[in-house]
Amino acid sequence: MTCKVVSKCLGSLVNIGEIKPSPRALKMASKSSVDPRFIELLLRESDELLLAIPVKKLADEEVIGVYRFSRRPELARKVLEEYPTIFLVIRDGMLWSDAGIDSSNHPPNIYSIPPRNIDAVAKELRNRIRELTGKDVAVVICDTEIFLVGSLDIARGSYGIEPVDRGFREPDLYGKPKFGGIDAIVHEVCAAAALVMRQTSQGITVALIRGVDYEKCECGYSDRVERDPRKQAKALKHTVKHSESSRNKTCTQDVAINN
């Protein structure tokens with residue numbers, strides 16, 4: 001199910017006309033050409049601001065092919081004039097574009113905001129479905145995220161399903177230990193559901209997927225997937241350090257060979 005319909009059901013909606021931008025929001029808006037009221041909402045809903053991506057500039061310079069993916073490029077340009085910059089932020093330990101704040105499929109000036117503890121929402125939905133129907137189903141709450149080559153639906157929360165396949169080191173077809181096998185099951189479920197739900201005017205907010213062979217679990221997405229920003233930063237630090245060490249070692253070897 002989509003994160004947006006969850007926000008609607010929970011009443012997590014904001015009229016942007018009622019938002020008063022702070023001095024910081026006004027300053028950021030002047031640099032990004034984004035509505036300062038939206039910036040203010042973004043700042044309130046973000047734990048950490050990482051990047052501001054000038055999407056319109058990248059599209060105009062054909063760095064990314066946004067206009068190629070529109071049946072009406074002239075209207076696509078107008079959309080990018082309204083949303084020329086996308087912000088990447090950390091929210092509840094996850095990476096989000098624009099903190100998940102979204103105005104699509106809402107009346108004018110209305111924006112939806114994702115709930116903070118999405119696993120808890122998924123658990124509540126699962127329990128309610130079981131109470132009403134007697135069916136034991138897993139619930140996965142999905143959100144659309146941007147990529148340079150398009151968009152992809154990913155899981156923001158889940159309950160009742162092992163989010164990640166624990167197949168690391170399991171034997172492959174030839175009995176060799178597999179360096180892999182850690183399929184992101186809940187993300188794959190969301191990607192499959194997106195083929196039905198889509199994004200524009202279809203109005204399909206829930207998809208029932210049958211036949212998936214999954215491991216049941218009284219757990220949520222955050223119970224299995226590391227979402228501590230400090231640990232993520234530490235992993236990145238070690239990765240950068242290792243890359244620099246490898247590069248320096250390669251340069252040293254090149255010098256020795258050339259000499």
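In the predicted model, the count of salt bridges comes to 19. Among these, Glu45, Asp47, Arg91, Asp92 and Arg116 are linked in a network, while several other pairs can be placed with respect to the secondary structure.

Within helix α6, arginine 128 forms a salt bridge with glutamate 131, the closest N and O atoms lying 2.5 Å apart. The two residues are 3 positions apart in the helix and are therefore separated by about one helical turn. Arginine 128 counts as partly exposed, with a relative accessibility of 40%, whereas glutamate 131, at 59%, counts as exposed.

A second pair, glutamate 145 and arginine 156, forms a salt bridge in which the closest N and O atoms are 2.8 Å apart. This pair links distant parts of the chain, since glutamate 145 belongs to strand β6 and arginine 156 to strand β7, 11 residues apart. Both of these residues are buried, and for arginine 156 the relative accessible area is 2%, which is under 20% and therefore counts as buried. The side chain of arginine 156 is also joined to that of aspartate 143 by a polar contact of 3.4 Å. When neighbours within four places in sequence are left aside, the residues in contact with arginine 156 include Met94, Leu95, Trp96, Ile118, Tyr221 and Arg227.

In a third pair, arginine 224 forms a salt bridge with glutamate 162, with 3.0 Å between the closest N and O atoms. Here again distant parts of the chain are linked, arginine 224 lying in helix α8 (residues 221-224) and glutamate 162 in the loop between β7 and α7, 62 residues apart. Arginine 224 counts as partly exposed at 43% relative accessibility, whereas glutamate 162, at 5%, counts as buried.

Strands β6 and β7 belong to an open sheet of 3 strands, which has the order β6-β7-β8 and antiparallel pairing. The edge strands, β6 (139-147) and β8 (216-220), each pair on one side only, and neighbouring strands of the sheet are turned by 50° against each other on average, direction ignored. Strand β7 (residues 150-161) pairs with β8 over 3 bridges, and glycine 160 stands opposite cysteine 217 in β8. Helix α6 (residues 118-133) packs on this sheet, where it touches β6, β7 and β8, its direction making about 60° with that of β7.

The largest nonpolar core has 38 residues, and those with the most contacts inside it are Ile39, Leu41, Phe87, Ile101, Val140 and Ile141. Apart from this core lies another, of 7 residues, among them Val55, Tyr67, Ala76 and Leu80.

Note on methods: Residues numbered from 1 in each chain as written. Predicted model: local features only at pLDDT ≥ 70, side-chain atom pairs only at ≥ 80, totals over all residues. Heavy atoms only, no water. Pairing = 2+ DSSP bridges. Helix = DSSP H or I, 4+ residues; strand = E, 2+ residues; numbered from the N terminus. Axes fitted to C-alpha atoms, helices over the stretch in contact; angles between N-to-C directions. Contact = heavy atoms within 4.5 Å. Buried < 20%, exposed > 50% of the residue type's maximum accessible area, 1.4 Å probe, protein only. Polar contact = N/O pair within 3.5 Å; in protein donor to acceptor, adjacent residues only side chain to side chain. Core = buried A, V, L, I, M, F, W, Y, C linked by side-chain atoms within 4.5 Å. Salt bridge = Lys/Arg side-chain N within 4 Å of Asp/Glu carboxyl O.
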